[in-house]
Amino acid sequence: MVKTQRGPSRADQRLDSTTPVAETSEEQQEPERTVTRETGALIRERATINLLVDNLSEGVILLDRQGRVVDTNEAADRLFGEPIPLGMDSIEFARHYRVATPDGSLVPPEREPGRRALAGETVRGQELSIERPDGRRAYVSISASPVVDGELRGALLLLRDISERVRRDREAAAFQLLSQQLAGSELDINAVYKTIVSRISEITGAGVVRLLLYESETRTLHRVARHSSFPLDLREPVVQNIDDEPATLDTLAARTHLPAVVPEFSVYAAGNELEMARAQQVGSSIALPLLVRDDLVGTLSYDLPEPHTFDDAEIAFLGMVATQSAIAIHNATVFQQRSRERAFLADLIEHLPAGLIVFERIPAVSQRARGDYRVSMMNMLAGTYLPPSLLQRAQGRRNGLVGLRIRRLATDERAERLLGWLDEAVESGQIVRGEEVQAQPAALEGSDTSDPQGMRFWIGTIVPLRDRRGEVHEVVLLATNITEQVVTRRRIEELVRIAGTRAAELEATVSAMNDAVTVCDSEGTLRIVNRAALTTYGVESVAQLARMPIPCERIQLRHTNGTPVLPEERPLTRALAGETLQHDYTMFHHGLGRDIHRRTSAAPVLDASGTIIGAVAVETDITGLIEVDRLKDEFFSMAAHELRTPLTAMKGYVQILLRQLSPFDSDVEPIIPRALATLRDQGDRMERLINELLDVARIDTGQLDLRFGAVELVGLVEQLVGETGRSTQRHTVTLTAEPRAIPGRWDRDRLAQVFANLLSNAVKYSPEGGTIEVSLRWDGDPAHTVAVAIRDQGVGIEPDAIPRLFARYSRVGSDSRNHYQISGLGVGLYITKQIVDAHNGTIHVASTPGHGSTFTVTLPMHPKDTG
Ligand code: ADP
């Protein structure tokens, strides 16, 4: 028996009958009197009874007639957490201990068992809860009966502590509730978290409950839910690494997969931690691992306001709760993931840039009947492939067709075809590809009608879906928009058609041309050869021509001087290399059996990016022109020859007459010697012109033979400069030579002709006069060349005239020339260049119109073929 701090025990008090019980009052007198009336034997008996009562495991409370507490035993005091104050009125008592029914509502005074017993009722096992001074609740089963000793003397209350049973019952009920809620929850993961923490708080009376989820990759615990009767404590970590030290109860439970417990913080914690525990009114804590088949899902932990020893039964119960929670979280997580995947898929299908319809197959009932299909799903674009008869049935609603058997509805030809494909896919079990269908985006609600006018092209793919046994229950129709491909294809077809027409036109034009046209590709393979070209080569087709080796008897291409054209010099080959050219050739015409002359223009063919993709050559027959040219040359040559004979005779007689005239002969009219001198000079001029023509004829027939010999160039030029100077009054002719003597092997007369011509041009084309500077430069090295420059201050030459300056009969027309009426045949520079060329030399001109020209001749000291 435990002594209370209030001094002698109740039993002692009971034994000492003389001691008044509690405060004395009128009402208390009676029981006292009752006791004092007892005899000694009775007293002993009472003592025995008292001893028994005190040792009873059940609490005993004795009330007097007025309902005041007159006696209690140890067990009752223990139950109420303190010695029950004696003399307390039962109504006050009920208020003091907050006596309540199990559902928590306070017991009204008339229902209070003491009152009921005093009213004559016998109460059996009324279950009530009481609150102890320390705030803890205890559950009691109370039986009460009136104490009647002839008359009503009071009431006796017997109390049994049923806290443990109630706790178990409540746990079981809460567990059941938790299970039900978790099973019944919509698998919304957050709802699951909330249910767990709030139920745990209810079951355990915990101040704070937390739920942490484990992330195995990072080995961290993440707080996902918290239930608290305190404001949220910010110092509580939201993420914890389970390997961190010092460990928390949660990380400990996570590491060990076992519950971690602090039954009493004041014992196990110190310093800061204890401070915190106190501040948050934490008396004890437990963390439970949440495991699904040994896999850690997370931890569940809670704090109780008072110290608490978790016994085995409680831990086992909590283990069950934890398992239940772990499974619920696991399921919800999996479900959430699945539904996210499903939502993603659904979204994907819905917004697929293709129409998708799932048909459920309805097998045929008899052998004769055909199976049918029911639309079970359609996405946004699906309407676009639907045959009009089905579309009509949909009545503009997205799901207007869903559930309908379509065979009966299909009335148009397109629907028949669709059914045919579906049947084919079902029967073969293979993917069936439908035909191209032209359809307008359907005006079904929610379908893409952004371009309602636009016709689109679709192609359907029908995919039978087999189950595990290989049977087809569903068929998917996937309608792909192939508008782009169709449009592109049509455009290409159109282009091909246009290209074909163009090619035909071009071919007609080309083949009608008299000029020979040949076109090759970038490889040099002949692609187009027109009729004129085929005739020239004496072949029937391009292929035939392409097979012929080059050069061969039929394809003899020669330069105009007769040397064969090398393969790399052929016009198409040069054009393929990027050159644009015009060149004259001689070739053997197979059809005519004789040589023909052709002027060939060739150019590369470029694509849009400038890449050479081939070459084209157009050959014009210039045989006629050449012939005319030849006849003209022949005529000139002949005329010159013919003119020379009478001229020689005329010149001879003039010489004779001049020589016979005495300057002192006064009989002679003064006009006569002047006339004769003029005749002589004009005859000389005429001879020079005739000689020029003859020279041209010689050059053309390759008869310009040079006679090389030792020549001192400075002396030669000096002499010509002197003659030129004397022939004009308006010009000053100067000469500079470095060195003073330049010896070499040249044709003296021909070189004299070259410089005389250049000097006479310099005079002729500077009609206003001026200085003519002649310079000779040689560095003394016999391997180097000598340069002779003749510079005038005359009319000059337009830049675009320079390229044809050295051609035959090229008289470069200019206003100044006409103005000054300068005469000439236009062959002087041609002959000059031919002579310089024959010396392996070069001739160049630099000129500024209006300011003068400089002709520069360079000559090797010993031209190669001079022996
Ligand atoms: P021509 O007999 O007409 O002088 P050339 O062959 O000597 O024939 O010269 C050809 C053309 O070159 C001339 O018609 C003239 O226009 C031009 N030419 C030649 N030399 C000069 C020069 N020094 N200054 C200007 N033009 C010149």
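# Exercises on a predicted model

The buried residues of helix α24 (residues 828-838) are G828, L829, Y830, I831, T832, I835 and V836. Keep in mind throughout that this is a predicted model.

## Exercise 1: the surroundings of α24

Work out which elements the buried residues of α24 pack against, and describe the backbone just after the helix.

**Solution.** Start with the buried set, which includes L829, I831 and I835. Next, look up the neighbours: these buried residues pack against α20, α22, β28 (842-848) and β29 (852-860). Now step off the end of the helix. Just after α24 comes N840, with a positive phi of about 60°. N840 sits in the loop between α24 and β28, and it isn't a glycine, which makes the positive phi worth jotting down. Finally, check accessibility: N840 has a relative accessible area of 33%, so it counts as partly exposed.

## Exercise 2: a helix pair

Decide how α8 and α12 are oriented to each other, then list the residues that meet.

**Solution.** First get the geometry. Helix α8 (residues 189-204) and helix α12 (residues 312-350) pack at about 170°, and their axes are 9 Å apart. Angles over 145 degrees count as roughly antiparallel, so α8 and α12 fall into the roughly antiparallel class.

Then go through the contact. From α8 come I189, V192, Y193, I196, I200, I203 and T204. Across from them, α12 brings F317, L318, V321, S325, A328, I329, A332, T333 and Q336. Sort the contact by class and you get twelve nonpolar, four polar and no charged residues.

The spacing along a helix helps when reading such lists: an α-helix has 3.6 residues a turn, so residues three or four places apart point the same way.

## Exercise 3: the nonpolar cores

Find the residues with the most contacts inside the largest nonpolar core, and the helix that gives the most to this core.

**Solution.** The largest core holds 46 residues, and L713, F755 and V774 have the most contacts inside it. As for the helix, α22 (residues 748-764) gives the most, with eight residues.

Now zoom in on L713. Skipping residues up to four places away in sequence, L713 touches I742, W746, L751, F755, L776, V786 and V788. There's also a second, separate core of 33 residues, with L213, I286, V292 and V297 among its members.

## Exercise 4: three salt bridges

How many salt bridges are there? Take the pairs R210 with D303, E245 with R255, and K651 with D684, and place each one in the chain.

**Solution.** The count comes to 36 salt bridges. As background, side chains of opposite charge can pair when their charged atoms come close.

1. R210 and D303: the closest N and O atoms are 2.6 Å apart. R210 is in strand β6 (residues 208-215) and D303 in strand β11 (residues 295-304), which puts them 93 residues apart. Both R210 and D303 are buried.
2. E245 and R255: here the closest N and O atoms are 3.0 Å apart. E245 lies in the loop between β8 (239-241) and α9 (249-256), while R255 is in α9, ten residues apart. E245 counts as exposed because its relative accessibility is 61%; R255, at 32%, counts as partly exposed.
3. K651 and D684: the N to O distance is 2.9 Å. K651 lies in helix α19 (residues 623-660) and D684 in helix α20 (residues 671-700), so the pair ties together parts 33 residues apart in sequence. D684 comes out as partly exposed, at 26% relative accessibility.

## Exercise 5: backbone oddities

Locate the cis peptide bonds at P246 and P739, then deal with the phi of R219.

**Solution.** E245, already met as a salt-bridge partner of R255, is joined to P246 by a cis peptide bond with omega about 0°. P246 is in the loop between β8 and α9. The other bond runs from E738 to P739 and is also cis, with omega near -5°. P739 is in the loop between β24 (731-738) and β25 (743-746).

For R219, phi is near 50°, a positive value in a non-glycine residue. R219 lies in the loop between β6 and β7 (220-228). At a relative accessible area of 37%, R219 is partly exposed.

Technical notes. Residues are numbered from 1 along each chain as its sequence is written. This is a predicted model: local features need pLDDT of at least 70, side-chain atom pairs count only at pLDDT 80 or more; totals for chains, interfaces and linings use all residues. Side-chain values use heavy atoms; hydrogens and water are left out. Axes are lines fitted to C-alpha atoms, for helices over the stretch in contact, and angles run from 0 to 180 degrees between N-to-C directions. Helices (H or I, at least four residues) and strands (E, at least two) are DSSP runs, numbered from the N terminus. Angles under 35 degrees count as roughly parallel, over 145 as roughly antiparallel, 65 to 115 as roughly perpendicular and the rest as oblique. Contact means heavy atoms within 4.5 Å. Ala, Val, Leu, Ile, Met, Phe, Trp, Tyr, Cys and Pro count as nonpolar, Asp, Glu, Lys and Arg as charged, and the others, Gly among them, as polar. A nonpolar core is a set of buried Ala, Val, Leu, Ile, Met, Phe, Trp, Tyr and Cys residues joined through side-chain atoms within 4.5 Å. Buried means under 20% relative accessible area, exposed over 50%, partly exposed in between (1.4 Å probe, protein chains only). A salt bridge is a side-chain nitrogen of Lys or Arg within 4 Å of a carboxyl oxygen of Asp or Glu.
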